[in-house]
Amino acid sequence: MESIRYSKRVLAQTEVITGENLLDQIVPVFNHRFAEGALCLIYDRGVAQIADGIISELKSAGYRVFVQAVSSLRNGGDDAKISAPEYVRHVFAVGAGTAAAKAKETAKLLDAEWTMFLTAPSTDTIMCDYAPKLVFIDENVLIKCPFECIASGYGILFSQPLTAFESFFSQKVLAQDISYDGSVFSASCGTLCDLAYSLLEASMSRREDSAQIMSEILYAKALKSGKRPRLIGEYKYLASALITSFYSAYLGAPSIDVMPPACREIAADALSDLGIEDKRCKSVDFFDLNGYFKISYILSEYRTDLLDKLGSADFHTSQRFWRRLYPDAGYWLKGEITCKDLSDCLALAGERSENLLGFAYASGVLSGY
């Protein structure tokens, strides 16, 4: 008989159960949240076998289970809404990002709580917007997930230094009241459960930084070209490393501030072609002369501080770790993404960014790309 080892932790109002061989513990723990009635179980088609085991346990305990399978856009899925019966009073998700997104959407429509059985440490979206009341994280399940899912999770955590830098920029240059400490999320996780738990922590204070914007553009570009895109976390790590290098070069060359401004219409049309909303109305108005020169002046005042902050972002060490996660980790870049792809997406991310990348784009330095 397999031994069962698990622990309970609490993040805000969410109880997190981590351990090994948790299948037999799902009903006893779940009973405290939802004693009886009907529930909707939403699972990713890629983890059907795990979902079948959970469904069997729930039905054996007397729950009425309405089952719905979903697939991500990456795997040929769609954005169709889940049509759960009105008598459903709880939503149970099995999978990762896609299952969680559908569960949140369904739970909101039903005005119900939801539970997550996480099958891959690949996303930092679980706790965003509408957090689950209960999360199960089974080490023996995570260890069987695709290698790229683990790379995606680490890619997200390894991107935190850029998020911390952009928060620093927002405070110093844009005078925004933002508190963010990227150091609280350790990238040196001991187990996959630790990795998954760190991603839950990260999702509680998740911010849309420039790397997130660029990763979504890379994802959309791959879909548009008919390729099977990589996971967002993989793209985000690549984008973070590139943007950090770009920031160092940009801040180290003050003369680029006198370049002519960029033409936003070209980028807006390119974003629209990829099916991405242009957020120019939310961007800092760099094209107002007073605003442009004011920010340019402030930027020159804090240039040294910003460069010092960038110096603490060590992407060289994390890159070595990331490339060792599985045989193809990182090396897919050679066959799937060109330098032009990266430069195009960097410029498009600048059009949507409300941070330093947006100022760089407005200053014209990315127009040559």
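These exercises walk through a predicted model of a protein.

**Exercise 1. Describe the protein as a whole: its elements, its burial and its surface.**

Solution.
- Start with the elements. The protein holds 16 helices and 7 strands.
- Turn to burial. The chain counts 369 residues, and 54% of them are buried.
- Then take the surface. About 16,800 Å² is accessible, and carbon and sulfur atoms make up 51% of that.
- Finish with the contacts. Among those with a separation of 6 or more, 71% join residues 24 or more positions apart.

**Exercise 2. Compare the span of helix α6 with the expected span, then explain why α6 is largely enclosed.**

Solution.
- Locate the helix. α6 covers residues 160-172, which is 13 residues.
- Check the span. From first C-alpha to last, α6 reaches 18 Å, close to the 18 Å expected at 1.5 Å a residue.
- Look at burial. Residues under 20% relative accessible area count as buried. In α6 these include Leu 162, Phe 165, Phe 168 and Phe 169. Glu 166 and Gln 160 are also among them.
- Conclude. Because 10 of its 13 residues are buried, α6 is largely enclosed by the rest of the structure.

**Exercise 3. Place Cys 149: is it buried or exposed, and which residues does it contact?**

Solution.
- Find its element. Cys 149 sits in helix α5, residues 147-158.
- Apply the cut-off. Buried means under 20%. Cys 149 has 12% relative accessibility, so it counts as buried.
- List the contacts. Setting aside neighbours within four places in sequence, Cys 149 touches Ala 120, Pro 121, Ser 122 and Leu 231.
- Add a distance. Glu 234 is 85 residues from Cys 149 along the chain, yet their C-alpha atoms are 8.6 Å apart.

Conventions: Residues are numbered from 1 along each chain as its sequence is written. This is a predicted model: local features need pLDDT of at least 70, side-chain atom pairs count only at pLDDT 80 or more; totals for chains, interfaces and linings use all residues. Side-chain values use heavy atoms; hydrogens and water are left out. Helices (H or I, at least four residues) and strands (E, at least two) are DSSP runs, numbered from the N terminus. Buried means under 20% relative accessible area, exposed over 50%, partly exposed in between (1.4 Å probe, protein chains only). Contact means heavy atoms within 4.5 Å. Accessible areas come from the Shrake-Rupley method with a 1.4 Å probe; for residues, only the protein chains shown count as cover. The expected span of a helix is 1.5 Å times one less than its number of residues.
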